[in-house]
Amino acid sequence: MMLPEDKREQLQTQILESEAPREEAINVMFALQKHYGYLSDEAVSEAAHMLGMTTLEIEELATFYDFLYREPVGTYVIHVCDSSICWMYGEETVMDYLSKTLAIAPGETTADGLFTILPVCCVGYCDHAPVMLINGKPYGPLTPDAIDSILLDIRLNHPECEEVK
Amino acid sequence: MPNLIIDEREIEVPKGTKVIAAAERLGIMIPRFCYHEALGSVGACRLCAVKFIEGHRKGIDMSCMVEAKDDMVVSTTHPEAVAFRKFIIECLMLNHPHDCPVCDEGGQCLLQDETVSGGHGRRRYPEKKRTYEDQDLGPFVQHEMNRCIHCFRCRRFYQDFAGYRDLGVMQIGHREYFGRFESGRLESPFSGNLIDVCPTGVYTDKPSRFKGRRWNFERGPSLCLHCSLGCNTTGNARYREMVSLEARNNKAVNGHFICDRGRFGFDFANHVDRPRTARVDKKPVTWQEGVETAARRLRHIDGQKVLCLGSERCSLEAQWSLKQMCRNLDWPNPHFFVEPEIQRKVTTAVGLLDETLAISMGELENSDFILALGVDPINEAPMLALAMRQAHRRGSTIAVVDPRPVSLPFSFSHLAVTPDHMDLCAQVLVQKAFDPRSAGNLSDEAAHVFASLPNTYTPNPDLQGRLKDLGQKLGESLKPVVVCGTDMVRPHTPGLAAHMVRFLREKVDGARLFHVLPGPNAFGAGMLTSPEEPGSVLEILETGNIEALILVEQDPFWSYPDRERLEHALKKVEFLLVLDYLPSMAVEKVQVVLPTCSHFERSSASFINHEGRLQRTSPIHRGGTPISQVSGGKHPPRTFLDHIPGGDAKAAHEVLAELYGAVSGEKEGALLNGLQDWLAEKDAPLKGLSHQKDGIRVVPEGVLEDVVFSWRKSETIPQKKGLELLLTHWTFGTEQLSAHSRPARKGERAPKLMMHPEDARRLKLADKDRIALSLDRGEVVVELEIAPNMAPGVIILPRHRKLQWQKLKEWPVMVQDDGIRKTEGPK
Amino acid sequence: MAGSQSFILHNRLEHQTMTLDEYRRTGGYQGLRELLNHEAPENIKKTVLDSGLQGRGGAGFPAGKKWQLLPDDAPHPRYIVANTDEMEPGTFKDRLLLSVNPHTVIEGMIIAGYANSAQKGYFFIRPSYQQVALKFEKALSEARAGGFLGQKILGSDFSFEIVVHRSAGRYICGEAKGLIHALQGERPHPNIEGHLTEEGLWGRPTIVNNAETLAYVPHIVRNGAQWFRDLGKHDKAPGNKIYSVCGRVRRPGVFELPFGTSLGEIIEEHAGGMLPGYEFKACLPGGASTRYLTKEFFHVEMDFESMSKIGPGHRLGTGAIMVFDHTCCLVAITLNLIQFFARESCGWCTPCREGLPYMEALLAAIARGEGEADFLPRLQEMCRHMRNAYCAFALGAASPVQGLMEDFEDEVKAHITHKKCPLEHDDPNQWPLQPMPGIEDLETGNERHPSCPI
């Protein structure tokens with residue numbers, strides 16, 4: 001279940017070219033997260049091994065950041081911005097609507113493993129409020145119809161859906 | 001020296017002193033959490049806020065971060081500062097469980113103190129408290145995270161100061177969690193210091209959990225006796241039982257910390273089988289009877305046929321009294337070492353050490369090059385590793401010449417060579433430190449030495465390059481230290497080390513010598529052993545001329561490598577007398593036992609550490625059988641006595657005095673006379689044997705001009721066939737006192753035979769194979785551990801209490817390939 | 001004073017990224033070419049100092065002065081760090097800047113490297129700007145192919161390389177010292193004592209500049225310090241500034257204007273004023289860590305000097321204007337802001353780590369009608385205490401709260417007295433929304449009013 005050979009080699013090269021292995025810690029964790037679906041305990045061990053760090057040292061970093069998931073998440077992580085402009089524009093209703101549509105509460109994953117809903121702080125798209133990110137891709141301004149069509153789009157194109165690298 | 005005013009009081013402090021430390025000198029304890037003298041200032045907790053009126057940006061700033069400057073004016077009582085500190089302490093208490101009644105830190109809790117000092121009372125926070133799940137951190141340290149105030153001290157100690165990487169801070173903001181990646185035993189052998197360093201009850205002493213609060217205990221200053229470093233401790237006793245130890249600050253020796261062996265090894269004093277009463281032929285008798293029986297037997301034996309054997313763990317008072325007694329009774333001089341090689345190494349080391357060469361562990365932290373010769377610090381004397389790490393953090397280069405798989409919490413150069421090669425290695429390194437062109441500046445003697453130093457490490461040219469680089473570093477250093485062990489090295493090595501340092505001093509007068517000796521008072525034993533003394537106790541016993549053997553706090557069965565020979569030799573002795581506090585094997589086998597006190601009980605005792613520092617312990621409690629053992633767990637006991645059960649034991653020097661009186665008929669007492677004068681002779685400015693805060697060095701002053709180089713020209717190293725068996729110490733399980741301690745035993749790992757992968761390949765052995773090792777006196781069955789960072793050509797066995805390893809007939813011993821075989825059988 | 005002229009954003013839309021050729025046609029990399037053969041690094045520093053360019057990330061520290069703090073005899077290697085963390089709520093100017101004109105930032109970094117004799121640049125970008133990072137990487141390869149980046153640039157002795165570093169998402173990474181730790185793969189606490197210009201990344205001299213600050217550098221070098229000074233509205237406000245406006249205005253977006261343009265002009269003229277049916281109530285002029293301004297302050301010039309003159313706690317910040325209309329309960333808005341700050345607190349020092357959740361708790365109680373009268377003075381006192389935290393994060397977090405307590409005391413008191421929000425919304429968020437004039441999906445980028453004046 002480890003990272004595929006070519007990806008490992010690429011990361012190893014990046015590590016060698018960096019000032020110190022730790023500099024690549026986030027890149028390594030992102031790559032492993034993508035491979036394993038989330039940053040599992042196994043991923044943490046693998047990251048530690050690649051970087052010459054201990055699992056504790058990886059955990060110190062992994063649990064600090066918003067976009068590293070130490071618990072299982074769906075294939076598509078929906079981040080709903082809840083900072084003041086998006087909030088003013090209906091973030092709570094967006095959250096509600098998503099929860100009702102997907103039948104999960106924020107923090108949970110749908111039974112088919114497709115979607116997870118999480119709050120996120122201002123993503124820098126305030127001129128398109130309210131905004132959500134799906135696997136890092138921004139969508140906004142949101143209306144119920146827009147949400148419906150976005151989710152449908154994803155479901156239809158699921159295996160081929162172009163993910164942000 | 002800056003002169004500043006704090007709260008209208010003036011004080012002058014050394015340059016670089018922070019305001020918080022300057023205030024301490026005035027007796028003003030500015031509230032603080034994250035600041036710690038050993039861990040430095042980071043400015044995280046914000047509690048040490050004071051108002052700066054002059055000499056700094058006007059307003060509130062953190063006293064731990066600001067350096068004292070001339071004409072600075074500071075107020076700790078300004079309303080702004082007081083209000084801010086009150087806010088901070090209120091913030092820190094928002095999530096605190098307020099569980100003082102069930103917290104072991106209660107009564108010695110910095111958080112309690114600062115809460116009161118900050119004037120915080122009622123909780124006005126309307127939300128719920130955040131809570132955590134605790135982890136199991138192993139047998140030594142209890143984890144209760146709800147009490148955490150996020151001062152970061154534990155992480156800074158564990159990672160920055162001590163260099164271990166399995167405990168840290170996770171999560172963010174007020175969810176931050178201090179712990180391991182997952183539950184599991186803390187890897188650091190210094191983990192117990194978390195207990196001292198944590199200002200709240202997050203980390204508490206697990207073995208002594210719930211046994212009492214600070215105010216329940218009898219407390220006193222003590223010393224750790226589990227190696228020769230002489231770290232300072234504070235002991236806690238309750239109900240006649242030693243409950244726990246804490247580190248005691250001694251800047252010159254151990255700083256603020258101690259190792260886990262020292263912290264948890266004290267429980268030998270509570271051992272259920274400790275000899276508590278005098279015994280004659282294995283039957284308990286009254287004290288008087290015991291002394292009388294022994295004296296009677298001794299009176300009837302020709303003085304020349306009495307042999308006395310002390311040890312490296314006897315107090316100086318006991319060692320001195322023993323020597324005086326033998327002199328007064330016309331008995332042969334006492335021995336303090338069973339093995340002649342060890343005697344030779346220690347007496348050489350002690351004899352050649354003087355004030356110009358000695359260096360304390362505290363001073364070692366400032367050295368810029370450390371050459372460790374035949375030392376495995378983590379296993380032999382753990383705090384040495386911590387001191388070396390501080391030197392490393394300050395930029396020091398560290399080289400370790402030792403065959404064992406030495407591991408240290410910092411990067412160092414490991415030259416893994418066999419014991420026969422260690423001296424050559426060290427000499428080449430020293431040779432490389434000197435530029436031959438400047439040899440002309442050396443004195444004649446030194447120049448001659450330089451000429452005879454080998455310049456190539458012939459056995460392994462690969463090592464030559466490394467030695468050259470290290471030698472260059474040594475040549476550039478200003479404060480190099482040679483750390484020389486007395487366990488793994490050959491008998492002449494301590495002498496070589498002393499002369500190497502003398503030689504280095506020709507170039508740089510900051511060069512120093514640091515020995516690791518085999519016991520807490522090996523130094524005293526070495527000073528009291530006459531150089532002409534024939535070494536081998538066993539040979540003396542085997543002549544059959546000895547009719548009485550007196551063992552004073554010595555158990556040869558534990559450490560003597562040839563038990564069979566020992567037992568045979570003892571059979572030739574008619575009368576065996578043991579004075580000890582340990583339930584040793586010797587105690588089981590002798591005619592008369594007179595129990596002694598441990599250093600926690602009854603009277604003060606002095607011990608001299610590796611650098612010749614004389615330090616004293618104070619008794620923690622009166623002594624006697626712990627109440628929990630007297631009453632079978634019921635408390636309080638229901639019987640009323642007019643004496644303390646098991647309270648017969650006296651300090652070894654007191655027992656000797658009584659014995660002397662009984663044998664000679666003279667007034668008891670006089671044995672300690674002359675000790676003070678003798679110490680004063682050693683150039684120590686003693687004012688009586690009163691307790692000195694940091695201890696005093698009792699080594700001669702040393703005059704450089706009188707130095708005589710006794711250089712052993714390097715010989716060809718004999719080629720030996722087979723694998724040399726090396727016996728070694730481990731942090732837990734091999735040192736006798738801590739091996740009798742229940743909490744320390746929990747720190748042990750199973751004994752292993754260590755072997756280099758090359759040798760294992762040749763013998764077709766794999767990691768975790770069960771091995772039967774054939775020695776002269778029998779087999780030792782043990783699991784194999786492959787260690788790539790040890791020297792090839794040797795196998796290493798710990799002197800573990802779980803192994804019957806004392807089966808050697810001679811040593812060093814070479815084991816041939818057919819003596820190592822895989823086995824399936826049970827141990 | 002010169003008329004307004006958009007020489008960074010060129011009035012482009014977000015998806016209209018300038019290619020290398022387009023950039024060069026407007027004079028891009030010309031400045032670099034010229035200085036490589038002729039100018040001594042100290043002269044570049046002097047030019048930037050003379051231009052009066054102030055850091056655009058919120059602190060306003062003069063860029064040239066920062067560069068001069070790096071000693072000439074400092075050891076090597078040295079680093080230039082472009083800070084595109086931009087996690088201040090309400091701020092998205094750098095997003096537009098990098099989407100539209102990445103090359104100006106690249107050239108700015110290279111020139112900064114030259115001026116400081118640095119060898120390597122790090123481009124630090126937040127994870128929610130993935131698209132932007134990809135565009136930047138594309139621009140980097142264009143620049144490399146063109147010989148403007150890499151070994152021996154344009155035949156000179158100067159070599160410079162740029163590495164893109166993606167953050168994993170925390171506000172504190174935008175704080176310079178936190179950023180350094182983040183780059184080094186450590187927890188981004190801001191605990192570095194001393195100046196980064198002496199001991200920064202990997203213990204080496206480091207310059208950390210906001211991306212927008214670096215964007216102006218090539219133009220200053222090409223056109224001269226005085227040219228830059230003349231662009232601004234007055235001499236304490238040199239150059240242009242990229243302002244952004246969000247909230248219920250007609251044209252939320254990003255505007256490159258002369259520095260010192262008035263608040264009112266930006267909101268009413270460039271952002272088109274309020275949406276029909278909405279009245280202006282208050283705004284935060286520079287992202288979440290600033291103090292509320294009401295309509296009376298529309299005349300104030302939006303530059304560092306003029307803003308701080310308004311009073312204690314008032315500052316320009318990022319110049320990202322967040323507009324709140326009459327339907328917004330400012331207690332609720334402030335609560336949302338403090339929730340953000342409390343969540344993002346890195347946890348290093350006590351007042352921020354514990355104090356912000358404390359403030360959040362009190363404000364939340366007020367918002368739901370359970371507040372008590374003494375909450376006001378308590379909150380105000382806490383805001384004052386934030387001054388003594390370890391870094392400026394806590395102080396910024398306290399700004400809107402301080403503003404609420406001091407300038408909207410009545411609104412707060414109404415919540416306490418009436419035990420509920422006086423605006424009486426069942427659902428304070430309108431749904432469905434007033435459709436904003438503009439794009440529905442960020443990807444297609446069609447039909448939108450131009451967000452920059454021509």
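These are my notebook entries on the chain interfaces, the domains and one sheet of this predicted model.

**Entry 1: chain C against chain A**

I began with the contacts between chains C and A. I count 67 residues of chain C in contact with 47 residues of chain A. Together the two chains bury about 5,000 Å². Carbon and sulfur atoms hold 59% of that area.

Next I looked up the polar side of this interface. The rule finds four salt bridges between chain C and chain A. I noted one pair by name: A:D127 with C:R95, at 3.1 Å from N to O. Polar contacts link 18 residue pairs between chain C and chain A, both residues at pLDDT 80 or more.

Which elements of chain C give two or more residues to the side that touches chain A? I list the helices α5 (93–100), α7 (130–145), α8 (176–183) and α13 (330–344) of chain C. The strands are β2 (120–125), β3 (161–166), β5 (240–247) and β8 (320–325) of chain C. α13(C) gives the most, with seven residues. By class, I find 33 nonpolar, 16 polar and 18 charged residues on the side of chain C that touches chain A.

**Entry 2: chain B against chain A**

I then turned to chain B. Here 14 residues of chain B are in contact with 13 residues of chain A. The buried area between chain B and chain A is about 1,000 Å², 55% of it on carbon and sulfur atoms. Which residues of chain B lose the most area to chain A? I get B:R165, B:Q171 and B:F181, together 61% of what that side buries.

There are two salt bridges between chain B and chain A. B:R165 takes part in one of them, with A:E57, and the closest N and O atoms are 2.8 Å apart. So I meet B:R165 twice in this entry, in the area list and in a salt bridge. Seven residue pairs are in polar contact across the interface of chain B and chain A, both residues at pLDDT 80 or more. On the chain B side, α4 (153–161) and β7 (168–170) each supply at least two residues. β7(B) gives the most, with three residues. The class split for the side of chain B that touches chain A is five nonpolar, four polar and five charged.

**Entry 3: domains**

I looked up the domain bounds of chain A: domain 1 spans 5–62 and domain 2 spans 76–157. Their centres, over C-alpha atoms, are 29 Å apart.

Chain C has domain 1 (20–231), domain 2 (240–325) and domain 3 (330–424). I took domains 1 and 3 of chain C, with centres 35 Å apart. In contact are 13 residues of domain 1 and ten residues of domain 3. The pair buries about 1,000 Å², 70% of it on carbon and sulfur atoms. C:Y171, C:I172 and C:H189 lose the most area on the domain 1 side, together 41% of what that side buries.

I find one salt bridge between domains 1 and 3 of chain C. C:R170 and C:E344 meet in a salt bridge at 2.9 Å, N to O.

**Entry 4: a sheet in chain B**

My last look-up was an open sheet of three strands in chain B, ordered β24-β25-β26 with antiparallel pairing. Why do β24 (605–608) and β26 (696–697) of chain B each have one side without a neighbour in the sheet? Both strands stand at the edges with a single partner strand, so one side of each is left free of a neighbour in the sheet. β25 (613–617) and β26 of chain B pair over two bridges. In one of these, B:L614 has B:I696 as its bridge partner.

Key:
Residues numbered from 1 in each chain as written. Chains lettered and ligands numbered in written order. Predicted model: local features only at pLDDT ≥ 70, side-chain atom pairs only at ≥ 80, totals over all residues. Heavy atoms only, no water. Contact = heavy atoms within 4.5 Å. Buried area = accessible area lost by both parts, 1.4 Å probe. Salt bridge = Lys/Arg side-chain N within 4 Å of Asp/Glu carboxyl O. Polar contact = N/O pair within 3.5 Å; in protein donor to acceptor, adjacent residues only side chain to side chain. Helix = DSSP H or I, 4+ residues; strand = E, 2+ residues; numbered from the N terminus. Nonpolar A, V, L, I, M, F, W, Y, C, P; charged D, E, K, R; others polar. Domains from an automatic or database assignment. Pairing = 2+ DSSP bridges.
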